[in-house]
Amino acid sequence: MRAVIPLLVLLVSPAGGAAAPPANNSQIGVWSTALYAAPKLPAQPAPQASRKTLPPEAQCIAAILDAEKAAGITDHLLLAMGFTESGRRTEDRLFTAWPWTVNTEGRSHYFPTRDDAIAFVRAAQARGVRSIDVGCLQVNLRWHPDAFPDLVTAFDPVANARYAASFLSALRRDHGSLESAIARYHSSQSERGEAYRQRVSGNLRWVAGALGYLETLAAGPGGGGATFTAAERGRLSFLSGLFADGPARPLLPNQ
């Protein structure tokens, strides 16, 4: 998502949110070029610490599922958008949305740690690059300069997912239909927006079929550990493969 505009998934608008002001052209989405600038949203509560530390491959899924519940999103549209924005297949064959994803200059980069992702963003900014998408839902730092207080928060999956959900809700409120909100989350240009909407629709079909796998992934390792055991990872890989090898394969960002 190049200019990251929070996905406003369902009929729920940000708590106590006033109608967003007229949007200006901006960018959002890994493939976006012209997007709506983020509306002025009410301050979001600070993300609370997770009940347990999750591995990177589980963090976006868990955060997006929680953001959907908070926003009243019942069809997992935000999860489908997460795969469209930062989806990847890991080396051990797990399909997921990756928290340390950065898109800049037309390409998605997946980093092993948050610190690596932050270092890359700072180096790009030092070169004069301003349009940079970050995190689970690829919020754009140029078009959403007030979305997060700092880069650490921008890469926090909970904060990233909450902002995306609020933004999508604002788009839905302003433009009257969910289809229009999804398209404008990516671009205000009709052709680009419609192509993005169709891509999200494809991922929504996959998410609906793979929900059991995704919820298992989001639950994290058993025993309170920060990493999956070999047996847990093997089971997740098997479950991921069940849904990845069928006709509804996830549509991931261009790399």
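This passage looks at the nonpolar cores of a predicted model and at how two of its helices pack.

Start with the core. The largest nonpolar core holds 47 residues, and the members touching the most others are I61, L79, F83, Y185 and Y213. Quite a few elements chip in: at least two residues each come from helix 1 (56–71), helix 2 (77–86), strand 4 (95–97), helix 5 (157–175), helix 6 (178–186), helix 7 (190–209), helix 8 and helix 9. Helix 1 gives the largest share, with nine residues. As a general point, nonpolar side chains in soluble globular proteins tend to be buried together.

F83 is a good place to zoom in. Leaving aside residues up to four places away in sequence, F83 touches I61, then F95, T96 and A97, then N203, W206, V207 and L214, and finally L251, L252 and P253. Apart from the largest core there is a second, separate one of 21 residues, with W100, A147, F148 and F155 among them.

Now for the helix pair. Helix 8 (residues 211–219) and helix 9 (residues 230–244) have axes that come within 9 Å of each other and cross at roughly 155°. With that angle over the 145 degree cut-off, helix 8 therefore counts as roughly antiparallel to helix 9. The crossing of the two is left-handed. On the helix 8 side, the contact is made by Y213, T216 and L217, which meet R235, L236, L239, S240 and F243 of helix 9. Sorted by type, the residues of this contact come out as five nonpolar, two polar and one charged. Y213 of helix 8 also turns up among the core residues that touch the most other members.

Definitions and conventions. Residues numbered from 1 in each chain as written. Predicted model: local features only at pLDDT ≥ 70, side-chain atom pairs only at ≥ 80, totals over all residues. Heavy atoms only, no water. Axes fitted to C-alpha atoms, helices over the stretch in contact; angles between N-to-C directions. Helix = DSSP H or I, 4+ residues; strand = E, 2+ residues; numbered from the N terminus. Parallel < 35°, antiparallel > 145°, perpendicular 65-115°, else oblique. Left-handed = near helix turned anticlockwise from the far one by under 90°. Contact = heavy atoms within 4.5 Å. Nonpolar A, V, L, I, M, F, W, Y, C, P; charged D, E, K, R; others polar. Core = buried A, V, L, I, M, F, W, Y, C linked by side-chain atoms within 4.5 Å. Buried < 20%, exposed > 50% of the residue type's maximum accessible area, 1.4 Å probe, protein only.
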